[in-house]
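Q: I would like a close look at a single part of this protein. Please walk me through that part and its neighbours.

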Amino acid sequence: MTAAEDLRALSAAATEGPWETVMVSAGRIVDAPEAGVAVAGCSVVLWRENAELVVWCRNHADALADLIDAAHNMDPLAMLDAVAALEADRG
């Protein structure tokens with residue numbers, strides 16, 4: 001199994017995104033609101049920086065897997081598409 005396949009499998013097994021962070025005292029809750037579950041039932045408290053990393057990686061897992069595949073295949077157009085998908089939500 002390739003790294004991209006591992007990432008896609010982990011993403012498929014995870015709670016659907018998009019995820020978000022919600023501030024709580026010193027940490028933040030990583031919440032998956034689309035799961036239809038109360039925050040306490042589908043969350044974990046992490047330090048703010050860690051929570052933001054986890055949420056960003058979850059929300060961009062497919063684009064990251066596409067970028068890995070494009071790099072392995074030496075496909076510059078697919079690489080540009082994957083990078084554009086990573087940058088799309090930057091506003």
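In what order do the elements of the protein run from the N terminus on? Then take helix H3 (residues 61–72) as the part to look at closely.

A: Start with the whole chain. This is a predicted model. The protein has four helices and three strands. Read from the N terminus on, its elements run α-β-β-β-α-α-α. There are 91 residues in the protein, and 22% of them count as buried. Now look at contacts with a separation of 6 or more. Residues 24 or more positions apart account for 38% of those contacts.

Now zoom in on H3. This helix covers residues 61–72, which makes twelve residues. From its first C-alpha to its last it reaches 17 Å. At 1.5 Å a residue, 16 Å is expected, and the span of H3 is close to that. Several alanines of H3 are buried: Ala61, Ala63, Ala65 and Ala70.

H3 packs against helix H1, and it packs against helix H4 too. Take each partner in turn.

The first partner is H1 (residues 3–13). The axes of H1 and H3 lie 8 Å apart, at an angle of about 165 degrees. Angles over 145 degrees count as roughly antiparallel. H1 and H3 are therefore roughly antiparallel to each other. Their crossing is left-handed. Which residues meet here? H1 brings Ala3, Ala4, Leu7, Arg8 and Ser11. H3 brings Ala61, Asp62, Leu64, Ala65, Asp66, Ile68 and Asp69. Sorted by class, this contact has seven nonpolar, one polar and four charged residues.

Pause at Ser11, one of the H1 residues in that contact. Is Ser11 buried or exposed? Its relative accessibility is 9%, so Ser11 counts as buried. Leave out residues up to four places away in sequence, and Ser11 touches Arg58, Ala61 and Asp62. Ala61 and Asp62 are also on the H3 side of the H1 contact. Ala61 is itself buried. One more distance helps to place Ser11. Cys57 is 46 residues from Ser11 in sequence, yet the two C-alpha atoms are 9.7 Å apart in space.

The second partner is H4 (residues 76–87). H3 and H4 pack at an angle of about 160 degrees, and their axes are 8 Å apart. H3 and H4 are therefore roughly antiparallel to each other. This crossing is left-handed. On the H3 side, the residues are Ala63, Leu64, Asp66, Leu67, Ala70 and Ala71. On the H4 side, they are Ala78, Met79, Ala82, Val83, Ala85 and Leu86. By class, the contact of H3 with H4 has eleven nonpolar residues, no polar ones and one charged.

Put the two lists side by side. Leu64 of H3 appears in the contact with H1 and in the contact with H4. Asp66 likewise meets H1 and H4. Ala63 and Ala70, both buried, are among the residues that meet H4.

Finally, follow the chain out of H3. Met74 comes after the helix. Met74 sits in the loop between H3 and H4. What is the sign of phi at Met74? The phi of Met74 is positive, about 50 degrees, although Met74 is not a glycine. Most residues other than glycine have a negative phi. Is Met74 buried or exposed? With 67% relative accessibility, Met74 counts as exposed. Ser11, at 9%, counts as buried.

Key: Residues numbered from 1 in each chain as written. Predicted model: local features only at pLDDT ≥ 70, side-chain atom pairs only at ≥ 80, totals over all residues. Heavy atoms only, no water. Helix = DSSP H or I, 4+ residues; strand = E, 2+ residues; numbered from the N terminus. Expected span 1.5 Å × (residues − 1). Buried < 20%, exposed > 50% of the residue type's maximum accessible area, 1.4 Å probe, protein only. Axes fitted to C-alpha atoms, helices over the stretch in contact; angles between N-to-C directions. Parallel < 35°, antiparallel > 145°, perpendicular 65-115°, else oblique. Left-handed = near helix turned anticlockwise from the far one by under 90°. Contact = heavy atoms within 4.5 Å. Nonpolar A, V, L, I, M, F, W, Y, C, P; charged D, E, K, R; others polar.
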